Amino acid sequence: MAKGSDLLVAALENEGVTQIFGVPGEENLDVVESLRTSTIELVVTRHEQSAAFLAATYGRLTGKPGVCLATLGPGALNLVTGAAYAHLGAMPMVLITGQKGIRSSRQARFQIVDMVATMRPLTKSTRQIVSTATIPTLVREAFRVAMEERPGPVHLELPEDIAGEETPSLPLVPPHAIDLPVAHPAALDRAAAMILKAKRPLVMLGAGASRPRLAAGLNGFFRRLQLPFFTTQMGKGSVAGGSSLYMGTAALSERDYVHEAIDRADLILAIGHDTIEKPPFIMGPGGPKVIHVGYTPASVEQVYFPDAEVVGDVGPSLALLADRLEGRLPPESPLLPLRQEILARITDGNDEARFPPTPQRIVRDVRKVMPEDGIVALDNGMYKIWFARNYRTRVANTLLLDNALATMGAGLPSAMMASMLYPERRVLAVCGDGGFMMNSQELETAVRLKLNLVVLILEDSAYGMIRWKQAVDDFPDWGLTFDNPDFVKYAEAYGARGARVEATDDLVPTLDAAFKAGGVHLVVVPIDYSENVRVLVDELKSRQLAAVE
Ligand SMILES: Cc1ncc(C[n+]2csc(CCOP(=O)(O)OP(=O)(O)O)c2C)c(N)n1
Ligand SMILES: [Mg+2]
């Protein structure tokens with residue numbers, strides 16, 4: 001005889017789950033016991049929020065749902081930021097929470113929160129399991145829904161009495177591959193005609209372009225058509241090869257150098273754009289026409305209302321579009337002459353020697369120590385704009401940033417997941433001194449798991465990004481600074497290694513030595529944020545590039 005929790009765990013094994021991240025409570029103890037004798041590893045974290053970030057990042061990088069576990073009420077509530085992170089970021093994830101027994105109520109309302117209702121706006125689906133008989137189908141359905149475009153989180157609540165209930169073993173539902181339909185020929189013909197008619201077409205790669213399975217299809221499209229492209233923050237790196245067609249990344253919504261190309265384009269082919277991202281450009285009357293290419297139709301927004309759509313499995317649909325266009329486009333785009341100047345302006349000042357180093361210099365130095373396939377995972381702060389704008393990526397999903405929920409605290413857990421999935425690659429978390437402290441307790445988890453991981457903390461003793469906005473909006477500089485622990489000692493207290501960069505030229509060797517030594521390292525460097533106003537406000541106000549017809 002099996003019990004409900006055995007069935008749940010067998011159903012998870014059936015989905016290929018190998019790890020579950022979380023903090024169990026007494027309501028999960030049947031599940032914990034079933035896990036003990038399963039092939040699935042239970043990885044306990046020091047906060048449920050980071051368990052959800054780990055699971056979401058697993059989904060983001062593999063396309064298969066990551067799984068996290070928490071108890072009822074307080075534990076489940078700690079998962080909500082992670083659910084929203086996966087929901088906005090389109091990352092497949094399954095969240096499992098416990099609950100008091102539903103057949104009797106011997107503890108009245110103690111610790112009970114209606115989590116199914118709480119999770120409703122934060123997930124694609126949320127269900128309470130009320131009978132062991134439905135476990136195989138509910139789990140299969142949860143994984144199907146989580147993975148299906150647009151991917152996201154699914155919540156299952158398993159009450160204690162259902163978990164412990166004896167049940168005959170029930171057949172599981174075997175998963176099967178699902179091939180998505182490709183775009184309709186009429187949509188492809190219409191898009192091809194618009195592109196052929198355009199004089200200055202430009203491609204934009206959005207968040208959806210970073211889906212793990214899309215890399216080959218995208219590269220084929222650019223090899224065949226040689227169209228210039230720019231990326232959104234979350235589309236960065238989706239086309240490999242340090243491409244000579246890359247025009248930049250739209251880290252701001254307007255007025256950056258890359259917008260010179262966007263403003264001059266007469267047609268934008270937006271591949272995988274998801275309007276959860278801060279707008280990469282603002283559509284308006286008289287601006288370029290937009291064709292949306294996506295797994296799902298475009299949602300209509302004040303700043304994004306495409307003129308045509310190509311909806312379907314993006315890789316094969318792009319191949320069909322390329323069939324219609326290959327050999328029929330002008331050999332060199334009139335926008336390409338802008339490229340050198342845009343990229344040169346952006347990297348301006350990246351060899352600046354002053355101490356503390358500038359953001360541009362830090363981005364350049366990080367790029368120096370990261371091999372092409374090395375992964376940089378960002379938390380949220382001012383430096384995200386600089387990394388999105390200046391860091392060149394050559395391999396898909398090698399700059400993990402969150403331009404969707406844009407929550408602080410995900411940098412370290414997302415880097416930990418990358419390190420677990422790719423132990424042979426260099427993985428660097430880049431965090432502000434604010435965001436790092438929101439989940440810094442996971443250093444213990446990282447050390448316990450024997451991860452190879454370097455965390456770079458950019459220290460300005462402030463919520464720098466908000467301080468910057470405060471200055472931009474002409475508010476007095478007030479209320480946003482704090483004191484930090486001694487980060488080197490803090491790292492050492494966890495059994496990690498710590499280093500403080502005391503001279504700008506020491507940043508590269510310090511990071512390099514940390515990677516070579518292996519294990520968990522924390523490197524702290526002060527940052528000179530005076531560049532935020534100098535470049536991102538003053539300089540861009542008067543942006544000027546050579547005229548190109
Ligand atoms: C959980 C959360 N709280 C607040 C914010 C608003 N916010 C965005 S950036 C930022 C400051 C980040 O400070 P820090 O991590 O030190 O990075 P810095 O900008 O100083 O480099 C804040 C408070 C947020 N995005 N997420
Ligand atoms: Mg800071």
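1. Helices here are DSSP runs (H or I) of at least four residues, numbered from the N terminus. With that settled, Phe222 belongs to helix α10, residues 215–225. Bear in mind throughout that you're looking at a predicted model.

2. Staying with Phe222: its relative accessible area is 3%, and the cut-off for buried is under 20%, so Phe222 counts as buried. Leaving aside residues up to four places away in sequence, Phe222 touches Val203, Leu205, Leu227, Phe229, Val239 and Leu245. If you want a long-range distance to check on screen, take Phe222 and Gln302: they sit 80 residues apart in sequence, and their C-alpha atoms are 30 Å apart in space.

3. Now the metal. Which residues donate to the magnesium ion (ligand 2)? The protein donors are Asp433 (OD), Asp460 (OD) and Ala462 (O), at 2.0 to 2.2 Å from the ion. Along the chain, the donors of the magnesium ion follow the spacing D-x26-D-x1-A. Asp433 and Ala462 link distant parts of the chain, being 29 residues apart: Asp433 is in helix α17 (residues 433–436), while Ala462 is in the loop between β18 (453–459) and α19 (464–472). As for exposure, both Asp433 and Ala462 are buried.

4. On to ligand 1, where Asp433 turns up again. Of the 18 residues around ligand 1, those that come nearest are Asp433, Gly434, Gly435, Gly464 and Tyr529. Three of these have polar atoms worth clicking on. Gly434 has a backbone N or O atom 2.8 Å from an oxygen atom of ligand 1. For Gly435, a polar backbone atom is 2.7 Å from an oxygen atom of ligand 1. With Tyr529 the side chain is involved: one of its polar atoms lies 2.6 Å from an oxygen atom of ligand 1. On its own, ligand 1 has 580 Å² of accessible area, and the protein covers 77% of that. The elements giving two or more residues to the shell around ligand 1 are α15 (382–390), α17 and α19.

5. Helix α7 (residues 135–147) passes a quick geometry check. Its 13 residues should span 18 Å at 1.5 Å a residue, and the end C-alpha atoms are indeed 18 Å apart, so the two agree. Which residues of α7 are buried? They are Ile135, Pro136, Leu138, Val139, Arg140, Ala142, Phe143, Val145 and Ala146. Note that Arg140 is on that list. The cover over the buried residues of α7 includes α1 (4–14), β4 (66–70), β5, β6 (125–128) and β7 (153–159).

6. Next, Thr132, which is in the loop between β6 and α7. Is Thr132 buried or exposed? Thr132 counts as buried because its relative accessibility is 7%, where the cut-off is under 20%. Its side chain makes a polar contact of 3.5 Å with the side chain of Thr167. Apart from residues up to four places away in sequence, Thr132 touches Gly4, Leu7, Ile162, Glu165, Thr167 and Leu170.

7. Last one: Thr97, in strand β5 (residues 93–99). This threonine is buried, since its relative accessible area is 0%. Again not counting residues up to four places away in sequence, Thr97 touches Asn28, Ala70, Thr71, Ala76, Leu79, His155, Leu156, Glu157 and Leu158. Its strand, β5, is also among the elements that cover the buried residues of α7.

Technical notes:
Residues numbered from 1 in each chain as written. Chains lettered and ligands numbered in written order. Predicted model: local features only at pLDDT ≥ 70, side-chain atom pairs only at ≥ 80, totals over all residues. Heavy atoms only, no water. Buried < 20%, exposed > 50% of the residue type's maximum accessible area, 1.4 Å probe, protein only. Contact = heavy atoms within 4.5 Å. Expected span 1.5 Å × (residues − 1). Donors = N, O, S within 2.8 Å, 3.2 Å for Na, K, Ca; no water. Near = heavy atom within 4 Å. Polar contact = N/O pair within 3.5 Å; in protein donor to acceptor, adjacent residues only side chain to side chain. Areas by Shrake-Rupley, 256 points an atom, 1.4 Å probe, with all protein chains shown as cover.
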